[in-house]
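Biologist: Before we discuss particular terms, could you put the model on the screen, so that each label can be set against the criterion behind it?

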Amino acid sequence: MIKYPRLLWKTVRRGDIFNMDLLKFFTAGSVDDGKSTLIGRLLYDSESILADQLEALQQSNRKNDDGTIDLAILTDGLKAEREQGITIDVAYKYFQTDRRKFIIADTPGHIQYTRNMVTGASNSDLAIILVDARNGVVEQTIRHSFLVSLLELKHVVVCINKMDMVAYSEDVFNSIREAYAAIAEKLNLKEVTYIPVSALKGDNIVNKSDKMSWYDGKSLLDHLETIEVNEAVLSHQARMPVQWVIRPQTDELHDYRGYAGRILSGSFHVNDKITVLPSGIRSEISKIETNFTEQGEAESGMSVTLHLKDNIDIGRGDILVNTSHEPLVAQEIEADLCWMDTRPLDSSIMYLIQHNSKVTKCKIREILHKVNINTLEKIETDTFQLNDIGRIVLKTAEPLAFDLYQENKLNGGAILIDPRTNLTVGALMFRANAGY
Amino acid sequence: MNKQDTTYLDQLEAEAIYILREVAGQFEKPALLFSGGKDSITLVRLAEKAFRPGKFPFPLVHIDTGHNFPETITYRDNMISRIGEKLIVGYVQDSIDQGKVIEQTGKNASRNALQTVTLLDTIAENKFDACIGGARRDEEKARAKERIFSVRDEFGQWDPKRQRPELWNIYNGRIHKGENVRVFPISNWTELDVWNYIRREKIELPSIYFAHEREVITRNGQLMAAAEFLNMDHEDHIELKNVRFRTVGDMTCTAAVESHADQIDDIIEEIKFSKISERGARMDDKVSEAAMEDRKKGGYF
């Protein structure tokens, strides 16, 4: 029988929907941990599945042992994946409640999909780490947590799943929480929330479970709906890479010259003193335009057009910053690298680095180490294979104006491109200025 | 504007504008694929926000199957004269006349599949290196895995296993000669987001999106607008119904839903309660469970 959706937010008064914000989160875990079931459960219980999708689900042959629908099917995307019963990529899922709109980056959890997890985590504000209550903290838990700390996700939710298989035991929950807390401390994960759940049965996913009265925290959805995430806005580092210069060159707009871009962090105000990097030329903001109107200020996340008081030569690849908090400018940078290509890293060739709107050539000057991401041991190496993560020093052909990734993700991350294939082969997180 | 005032629609809009400007900055000869549907109409508004008071750094491209709703063509031409941008039209009829494709026959004949050839020819003739489209990840599960910058080979093919990772807000648009990139700035929007945005921005739409009285026939359980292209015969009973269209494509493959929603607020309410997701009204996806995945591999949008 098909249960037709009754959307949670249908009771929202008109107008309220415009005041909701967006939370992007990613889920680490494998099919075995019930990750797809968990996402399926969030979609299903929040009634975000529409009837024809539900119908397709019901017609599918995959059922749980007790005959209920296998919710994991909702997150399987491609034919190739369904045939092999695996998830080979990052799939994006959308749902909303009356409090928030959500984007889930659904990534596979096995070690061969490390690059997919890194990609999903780079686009998220929060990570959900799944632990099987029967197995506790395992190698995979450490690996996923390492990736979360590498990508500097500040908010972590550890879902201790399959509580129904351990008789909803508080002792099991507590011992896993203690074991994880040790890892969190080692990896410097500061804000960790622990929730005992059963994705299969729906306990503590959308609604609080009546089987775990000893748990006094929120359900997963309640937590996701209410957590505050907004680091970039609070930053003092005002940053706007120039994407495009708007110059209409018409008779009436002869002198119009606007620098179009999206503010990565901080805020800009009219009359702010700014510096153009890497040239170092200084000026002041004369006008801020967005949404066809002039504004006195603009903040992180907004796509705007900035105008300066002086006529300077600025183009794509330059970045405008507040003079009071200038970033680093260097050609030699120490960075964490996640290798994403099947062709291994070759220190003898030149790669391209893309850092926001700037693209320049670069070389790997030194490989410091790679990390065994299951044990966190550092290993000496002279190359990186697919999914390897470690620390390198790179040298760029032109100077980059960057912040350290741990302080400013969007101005501290970059990608490596192989000029032979044009593929994105590496993710870089800048950790230190290695220039002399 | 402070942080409390920033809503998810602002965030989605800012992201889409950012992506459009990346296209302008990274490609030599981009184009915006314009279907006359609400998603590509939304893209035009976003492009105005991204590039005004300058001109768009790309023309609009319409692949015309010849089986359009007349309302769509009227809307298109009015819009072009309002925004003052260049329009390039690729005609499926030309591809048929040149013998590059063969018109389907029979009752369910459609030019929907043929337009891929016309699209690829139009891309090749104009040497477009990037085509901006209005596809969304929430439409269909093969699209849930689509990149924002989706690289196609010289045959227009999409290979899900060769997709580039997209980290943070960095999009790698570097391609080899002959390849091109499909760019989807509203990937992260849902159908409802698009409608809420259209309402907020007071964007005008083709009239067929709103409930109106129309002659329809029932085919394969779906309501289709009665038109000569549908190869109607004595078995097709024409009825007069109040309908609207949730998506706007070719007349042969876009089904109507019965509705009295003739105002945007009513449409939004209707969608919220809707029992059928948007692509449920597209005949072209019903062919098989993996229909979209297969068409995308073949060069479809």
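**Cavities, strands and a sheet**

Modeller: This is a predicted model, and seven cavities of 30 Å³ or more are found in the structure.

Biologist: What makes the second largest of these a cavity rather than a pocket, and how much space lies in it?

Modeller: A cavity is a set of grid points where a 1.4 Å probe fits but cannot get out, whereas a pocket is an open set. The second largest cavity holds about 90 Å³ of space, and 14 residues line it, with Gly317(A), Ile319(A), His355(A), Lys358(A) and Ala401(A) lying nearest its centre.

Biologist: How do you know where this cavity lies with respect to domain 2 and domain 3 of chain A?

Modeller: Domain 2 (234-325) and domain 3 (328-433) of chain A each contribute residues to the lining, and therefore the second largest cavity lies between them. Strand β21 (residues 389-402) of chain A supplies the largest share of that lining, namely three residues.

Biologist: How many of the lining residues are nonpolar, polar and charged?

Modeller: The lining of the second largest cavity has seven nonpolar, five polar and two charged residues; glycine counts as polar in this scheme.

Biologist: Why are both faces of strand β16 of chain A called covered?

Modeller: Buried means under 20% relative accessible area. In β16 (residues 319-322) of chain A, Ile319(A) and Val321(A) on one side and Leu320(A) and Asn322(A) on the other are all buried, and both faces are covered.

Biologist: What makes β7 and β11 of chain A partners of β16(A)?

Modeller: Two strands pair if at least two bridges are found between them. Three bridges join β7 (residues 239-241) of chain A to β16(A), and four join β11 (residues 273-277) of chain A to β16(A), so both meet the criterion of at least two. The β7 pairing is antiparallel, as is that of β11; Pro241(A) stands opposite Ile319(A), while Ile274(A) stands opposite Asn322(A).

Biologist: Turning to chain B, why are β3 and β5 called edge strands?

Modeller: The open sheet has six strands in the order β3-β2-β1-β4-β6-β5 (chain B), with mixed pairing. Strands β3 (87-91) and β5 (149-152) of chain B each pair on one side only, and they are the edge strands. Neighbouring strands of this sheet are turned by 30° against each other on average, direction ignored.

Biologist: How do β2 and β3 of chain B run, parallel or antiparallel?

Modeller: Strand β2 (residues 60-64) of chain B and β3(B) run parallel and are joined by five bridges, with Ile88(B) in β3(B) as the bridge partner of Val61(B).

Technical notes:
Residues numbered from 1 in each chain as written. Chains lettered and ligands numbered in written order. Predicted model: local features only at pLDDT ≥ 70, side-chain atom pairs only at ≥ 80, totals over all residues. Heavy atoms only, no water. Buried < 20%, exposed > 50% of the residue type's maximum accessible area, 1.4 Å probe, protein only. Helix = DSSP H or I, 4+ residues; strand = E, 2+ residues; numbered from the N terminus. 1 Å grid on protein atoms, 1.4 Å probe; cavity = no way out; pocket = protein on both sides within 12 Å on 5 of 7 lines; lining within 4 Å. Points joined across faces, edges and corners; volume = space filled by probe spheres on them. Domains from an automatic or database assignment. Axes fitted to C-alpha atoms, helices over the stretch in contact; angles between N-to-C directions.
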